[in-house]
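Colleague: Got a minute to go through this one with me? I'd like to start with the ligand and then move on to the annotated residues.

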Amino acid sequence: MTSWQERVSLKPYNTFGIDVKARYFTQAHDDAQVRQALAEAIERQVRVLVIGGGSNLLLTGDIDALVLHMASRGRRVLQDDGDRVVVEAEAGEPWHPFVQWSLTQGFCGLENLSLIPGTVGAAPMQNVGAYGVEIKDVFAGLTALDRETGELRDFALEECAFAYRDSLFKRNPGRWLILRVRFALSRTLHAHLDYGPVRQRLLEQGVHAPTAMAISEAICSIRREKLPDPAELGNAGSFFKNPVVTAALAEQIRERFPGVVAYPQADGQVKLAAGWLIEQAGWKGYRDGDAGVHRLQSLVLVNYGRASGAQVHDLARRIQADIYERFGVELEMEPNLY
Ligand code: FAD
Ligand code: NAP
């Protein structure tokens, strides 16, 4: 038997700091505990919600399920060809310490993904990305448990259907429980500095030939300035995906709003900065009770203390409706709603 607690507050387990209760709660430190918890849930006819760091969740009410918190730890070098290195980490490993560990080993590849909250196991869910790098760029495979059959399956890159903040795993919620993830890293740095203010920040710091560690530190410093720390102000990072629209719609918007921030995509479509649209619409810094839009970063919705998930969700829907009315653009929410 794994030990199940009853009526547990999930406030410490979601970075929005939403105070809802899980009907049951347990932690899994290894594969055996995962299997045991799932088997017991089937026996007791209870649904299971798997969580990691809770940094991409919006909990809109009490969770009538077993919340299974992934607490497995471990990271290892699987293969070392001199330059190319394959490392593996357990699902419950906190993401940023794992990135730092890889950098201190001299392995490059994860530096642009520094300071993203959450766990290794959740990173493939939305193909986490920042500053021009996504995990698909360094992905070497993962092992997941198929909750429908109870079998283990290894996934290669081409089987994961990774896309912008999306994957096979996100599209099939609850089917695959990710146990461990592998990354192909390199002792040679292939720097990605062209995104946002990264290069500029390094130059300001007097760094002209950056190491992976220096890039990581620059990105951490930018992120600390721009993003609210969930320990101080509840949030789940970007609340909306940047919408990718047709070139024709982007052009119509540009005619009316010449300052629109837009990035042409390889397939001819155009990615618009959702934060810019929200800011233009006047939502930046907006607050309704304890739910609000961050004063520095309009893509981030925040909980000033006692907001409910429903209040944050309601604010998000009002923003979506307003952006659609003003620009004809549909904003998709990024966090997973429960
Ligand atoms: P959780 O929130 O616990 O879970 C997210 C989803 O994954 C849920 O559906 C859950 O059921 C599922 N899940 C969790 N673990 C597993 C598992 N082992 N197997 C199967 N399913 C699982 N995201 C980015 O992409 N880029 C960023 O730059 C970024 N910056 C952020 C900054 C801040 C301040 C915050 C608060 C969030 C940010 N995020 C960012 C979002 C978030 O940190 C990532 O999506 C992260 O990977 C979520 O990990 P988690 O462990 O917290 O997942
Ligand atoms: P930013 O640098 O102010 O840029 C605003 C937006 O423009 C970003 O969302 C980014 O899109 C896009 N962008 C910037 N330069 C680009 C380029 N050269 N080519 C294509 N698109 C470009 O963004 P920010 O809010 O401070 O975030 C910095 C990075 O961290 C971004 O990559 C962002 O996605 C990531 N981040 C993600 C979350 C999350 O929860 N998902 C939270 C915080 C930060 P992209 O989002 O597509 O990269």
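Modeller: Sure. One term before we start: a polar contact here is a pair of N or O atoms within 3.5 Å. Also keep in mind that this is a predicted model.

Colleague: OK. Which polar backbone atom is 2.8 Å from a nitrogen atom of ligand 1?

Modeller: That one belongs to I178. On the oxygen side, ligand 1 has an oxygen atom 2.7 Å from a polar backbone atom of G53, and an oxygen atom 3.1 Å from a polar backbone atom of P117.

Colleague: And how much of ligand 1 does the protein bury?

Modeller: 94% of the 980 Å² that ligand 1 exposes when taken alone.

Colleague: Which elements give two or more residues to the shell around it?

Modeller: Those are β3 (48-51), β8 (129-130), β12 (176-186) and β13.

Colleague: How many residues surround ligand 1, and which are the closest?

Modeller: There are 36, with V50, G52, S55, T119 and Y338 the closest. By type, the shell divides into 20 nonpolar, 14 polar and 2 charged residues.

Colleague: Switching topic. Which residues does the "active site" annotation cover?

Modeller: R165, S238 and E334, according to the UniProt record, which is an unreviewed entry. They span 170 residues in sequence, but no two of their C-alpha atoms are more than 11.0 Å apart, so they gather at one spot.

Colleague: Let's take R165. Where is it placed?

Modeller: R165 is in the loop between β11 (152-155) and α3 (168-171).

Colleague: Buried or exposed?

Modeller: R165 has a relative accessible area of 15%, and anything under 20% counts as buried, so R165 is buried.

Colleague: What does R165 touch, leaving out residues up to four places away in sequence?

Modeller: Q126, N127, V128, G129, E134, K170, K241 and E334. So one annotated residue, E334, is in contact with R165. The side chain of R165 also reaches the backbone oxygen of G129, at 3.4 Å.

Colleague: And S238, where is that?

Modeller: S238 is in strand β13, which covers residues 234-238. β13 is also one of the elements that give two or more residues to the shell around ligand 1.

Colleague: What's the relative accessible area of S238?

Modeller: It's 28%, and S238 is partly exposed.

Colleague: Which residues does S238 touch, with the same sequence neighbours left out?

Modeller: L299, V300, E334 and P335. E334 turns up in the contacts of R165 and in those of S238.

How values were computed. Residues are numbered from 1 along each chain as its sequence is written. Chains are lettered from A and ligands numbered from 1 in the order in which they are written. This is a predicted model: local features need pLDDT of at least 70, side-chain atom pairs count only at pLDDT 80 or more; totals for chains, interfaces and linings use all residues. Side-chain values use heavy atoms; hydrogens and water are left out. UniProt positions are given in the numbering used here, feature names are shortened, and annotations may be inferred rather than shown by experiment. Helices (H or I, at least four residues) and strands (E, at least two) are DSSP runs, numbered from the N terminus. Buried means under 20% relative accessible area, exposed over 50%, partly exposed in between (1.4 Å probe, protein chains only). Contact means heavy atoms within 4.5 Å. A polar contact is a pair of N or O atoms within 3.5 Å; within protein, one must be able to donate a hydrogen and the other to accept it, and residues adjacent in sequence count only if both atoms are side-chain atoms. A residue is near a molecule or strand if one of its heavy atoms lies within 4 Å of it. Accessible areas come from the Shrake-Rupley method with a 1.4 Å probe; for residues, only the protein chains shown count as cover. Ala, Val, Leu, Ile, Met, Phe, Trp, Tyr, Cys and Pro count as nonpolar, Asp, Glu, Lys and Arg as charged, and the others, Gly among them, as polar.
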